[in-house]
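Hello,

I am passing on a structure that I would like you to look through at your own pace. Please open it first, and then read the notes beneath it.

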Amino acid sequence: MTNDDIAGLLLAAGGGRRLGGQPKALLTHRGRPLVEHAVRALREGGCGTVHVVLGAGRDGVRATADLRGCAVVGNPDWETGMGSSLRAGLTSLAGSGARAALVTLVDQPGVGAAAVTRVLGVAGCDPDGLVSALAAAAYGGRRGHPVLLGADRWTDVAGLAVGDRGARAYLAAHEAELTLVECGDVARAYDIDTPADLRRLD
């Protein structure tokens, strides 16, 4: 199995409505845009090509952030919620040769490379088995991100991804097949959603 068997899929289209309309991808963390930190986590954690879905402030993100080597995907429907970004990202993976995608969110800077590596670890060394993989990080037993989706599942996941639900409906419907990977000891699954959350950035 090579890194190219598993693509990183970063959902970074949010407009930060509760943050006064600041695109989340451009929030500053450790001197650089948040989107760069998320891309680095996916790469250092073991993913191959990283597909980045942009929406709010797309032109500004592309002009400001270093996304070299990424496949940048525009989501004109980003305002309808995370589901449209997940659909756009999964569509961009068609024909890429990836056997699975590891999905993560731009507004969770506490989820880094260690959590990515741990979730990817359930894939083992069998590239053929990746196409049906279904796994997610867990924090204290509660499902979170990143989420590993085998290529055989992408069409069905996209079909259920509406509004702000993303893959939630699919994961709930396939709970018996889902492998949860505890990551609470290596990552913190908080979101940057409100002005109070900005204190978590430095």
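What follows is a description of two pockets and of the residues that line them.

The model is predicted, so that local features need pLDDT of at least 70 and side-chain atom pairs count only at pLDDT 80 or more, while totals for chains, interfaces and linings use all residues. Residues are numbered from 1 along each chain as its sequence is written, and side-chain values use heavy atoms, with hydrogens and water left out.

The largest pocket (an open set of points on a 1 Å grid over the protein atoms alone, where a 1.4 Å probe fits, with protein on both sides within 12 Å along at least five of seven lines) holds about 1,200 Å³ of space, a volume being the space filled by probe spheres set on the points. Its lining, meaning residues with an atom within 4 Å of a point, has 37 residues, and Met 82, Leu 105, Asp 107, Asp 164 and Asp 191 are the closest to the centre. Strand β8 (142-150) is among the elements that supply at least two of these residues, and β8 gives the largest share, six residues; helices (H or I, at least four residues) and strands (E, at least two) are DSSP runs, numbered from the N terminus.

The second largest pocket has a volume of about 310 Å³. Of its 21 lining residues, His 29, Arg 30, His 37, Pro 109 and Gly 110 lie nearest the centre. Both α1 (34-45) and β6 give two or more residues to this lining, with α1 giving the most, six residues.

Best wishes
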